[in-house]
Amino acid sequence: MYLYLSNNEKLELLKTQELEISKNKLLFYLGTVKKNTLKLVKKLSPISNIISIENDNCINPIEWQLGHISHFYIIHTLNLLNTKNGLHFDILKSYIKQIEKQFSINFSDFFDSFKTPRHMRFSKIICMKRLIIVYNSITKILHSFINNFELDYVNNYLIMLSILHNEMHNENFYFSYYNLQNNFLDTIIHISLLNKSNERKINNIFIDIPKGFLHQGQDINEKNLVFDNETPSFLIRINDFKVSKYPITEFEYLDFINADGYNNSIYWTQNSLDWKNKNNIEAPLYWFNINNIWYRKHLNNIYIVGSNLPVCNISWYEAEAYCKWKNVRLIKESEWEYLSTNLGRSLYPWGNQEPNANICNVNNVNKFCENVNLYESGNNIVGVSQLIGNIWEWCAEDLYPYNNFTMDCVYNEMSYPFFGKKKICRGGCFAVNDFLIHSKYRNAQDPECRIQFIGFRVCLKSS
């Protein structure tokens with residue numbers, strides 16, 4: 001299981017990854033995540049000082065997150081590159097010692113997510129300027145390394161791993177920013193300031209999907225970075241099924257609310273009912289009701305609910321309740337991957353071309369999700385739309401390992417602490433970069449998670 005390996009043993013194992021990335025791509029990815037990180041933390045820092053985020057169980061302190069990103073780069077990349085290439089980063093270490101002395105912490109322990117429980121992360125508010133200096137120092141070292149050393153499979157893996165981890169937290173920064181900005185909005189409505197859509201409700205048809213076979217997951221010798229929960233690949237038979245062309249829209253979900261779906265216990269399991277009652281959940285996050293009209297907060301605006309945007313910021317429990325009300329079911333993970341690989345024919349729904357902002361809503365180009373009937377060029381061969389980008393999609397299952405799972409020798413905690421606890425979600429959302437997401441990528445979140453931009457599509461139950 002690779003729990004007790006020396007650094008040299010880890011480096012030997014990494015040679016099997018066969019990860020090929022050009023220097024130009026690595027520099028582009030590093031530059032992109034760095035630019036986005038610095039932009040987001042500078043936006044977030046003054047807001048998070050005004051509004052407490054401690055009570056939201058999905059958001060970490062902004063300063064802690066930036067320190068955690070730097071800690072990850074050091075532990076999982078710099079220290080291992082140092083073992084192999086004799087890198088020196090004395091200046092970085094001096095910056096860290098200054099932080100440790102000023103704030104009475106052990107940098108490595110405090111910013112380790114498995115050593116510092118969430119409630120303790122609020123106990124120390126570290127100076128953002130000092131954390132940015134550390135982060136900039138790390139990225140400068142990596143930039144120099146990429147330019148001046150010959151890169152091999154091991155270097156590529158170690159650097160790309162931390163870049164992708166950084167990108168995951170950039171999404172976290174964005175939904176934290178979205179949440180905190182929405183908390184500024186006053187719920188006293190002035191009709192003249194409202195935005196009301198005049199859209200017609202799209203007919204979200206069901207599409208027949210033929211049976212077939214899928215090589216689900218992927219193997220570590222493929223030429224891209226593979227996370228351990230995606231391995232190893234295996235052949236699975238997919239039965240025919242009927243799936244909604246689009247994710248469920250605001251229009252459709254509003255029907256569930258108006259049918260008193262949140263107050264009818266027959267649509268909720270005991271776990272979801274306990275969660276809903278304990279937290280007074282009456283609608284998706286950012287929705288609220290005045291005089292029997294539903295509104296949605298969106299940054300500096302308030303909208304009357306009713307659009308062909310995909311419903312998002314809802315929990316797995318809410319998606320499950322909608323399905324019970326509608327007499328449908330959530331899509332299975334294997335079915336989703338079957339659709340997103342063009343029924344097992346290609347790397348992506350549309351073919352083998354990598355994702356970009358012309359095919360799907362990614363890279364935070366639009367700052368929010370878009371209507372479900374856009375990006376038709378990204379449809380798969382049978383016409384299922386928006387499988388990649390726009391919103392994450394809840395799947396039916398818990399996160400569990402594939403058969404013959406092997407823990408990653410570097411990033412031990414990527415998956416195993418969450419097996420059996422989190423629910424699968426697939427596809428990526430508008431706020432992530434295209435180099436993170438793909439048709440095999442397995443995200444997973446707690447079933448009560450609403451802060452992330454997650455929605456769902458549905459399948460008809462078998463007769």
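## A tour from a buried asparagine

Begin by selecting N390, which is buried, with a relative accessible area of 1%. This asparagine lies in the loop between α11 and β9, and its backbone has a positive phi of about 70° although N390 is not a glycine. Keep in mind throughout the tour that the model on your screen is predicted.

Next, select N363, which is found in the loop between α11 (333-340) and β9 (392-398). Here too the residue is not a glycine and yet has a positive phi, of about 65°. As for its surroundings, N363 counts as partly exposed because its relative accessibility is 27%, a value that falls between the 20% limit for buried and the 50% limit for exposed.

Move now to P232, in the loop between β2 (212-216) and β3 (234-238), and show the backbone leading into this proline, where the peptide bond from T231 to P232 is cis, with omega near -15°.

From there, go to helix α9, which covers residues 270-278, and select K276 within it. What is the nearest side chain of opposite charge to K276, and how far away is it? It is that of E282, 8.3 Å away, and K276, although buried, has no salt bridge. The side chain of K276 does, however, reach the backbone oxygen of Y262 at 2.7 Å, and a polar contact of 3.5 Å joins it to the side chain of N277. If you set aside neighbours within four places in sequence, the residues in contact with K276 are Y262, W268 and I281.

The next stop is helix α3, residues 62-85, whose 24 residues should span 34 Å at 1.5 Å a residue, and the end C-alpha atoms, 33 Å apart, agree with that. Centre the view on I74 to find a kink of about 40° in this helix. Colouring by accessibility would show α3 as mostly covered, with 18 of its 24 residues buried. Just after the helix, G86 takes a positive phi of about 65°.

For another helix, select α6, residues 128-148, which reaches 30 Å from its first C-alpha to its last, close to the 30 Å expected for its 21 residues. Its buried residues include M128, Y135, S137, T139 and F145.

Finish at I205, in the loop between α7 (153-182) and β1 (206-209), where a relative accessibility of 39% means that the residue counts as partly exposed. Not counting residues up to four places away in sequence, I205 touches V243, S244 and K245. H76, by contrast, is 129 residues from I205 in sequence and 46 Å from it in space, C-alpha to C-alpha.

Notes:
Residues are numbered from 1 along each chain as its sequence is written. This is a predicted model: local features need pLDDT of at least 70, side-chain atom pairs count only at pLDDT 80 or more; totals for chains, interfaces and linings use all residues. Side-chain values use heavy atoms; hydrogens and water are left out. Helices (H or I, at least four residues) and strands (E, at least two) are DSSP runs, numbered from the N terminus. Buried means under 20% relative accessible area, exposed over 50%, partly exposed in between (1.4 Å probe, protein chains only). Lys and Arg count as positive and Asp and Glu as negative; His and the chain ends are not counted. A salt bridge is a side-chain nitrogen of Lys or Arg within 4 Å of a carboxyl oxygen of Asp or Glu. A polar contact is a pair of N or O atoms within 3.5 Å; within protein, one must be able to donate a hydrogen and the other to accept it, and residues adjacent in sequence count only if both atoms are side-chain atoms. Contact means heavy atoms within 4.5 Å. The expected span of a helix is 1.5 Å times one less than its number of residues. The bend at a residue is the angle between axes fitted to the seven residues ending there and the seven starting there.
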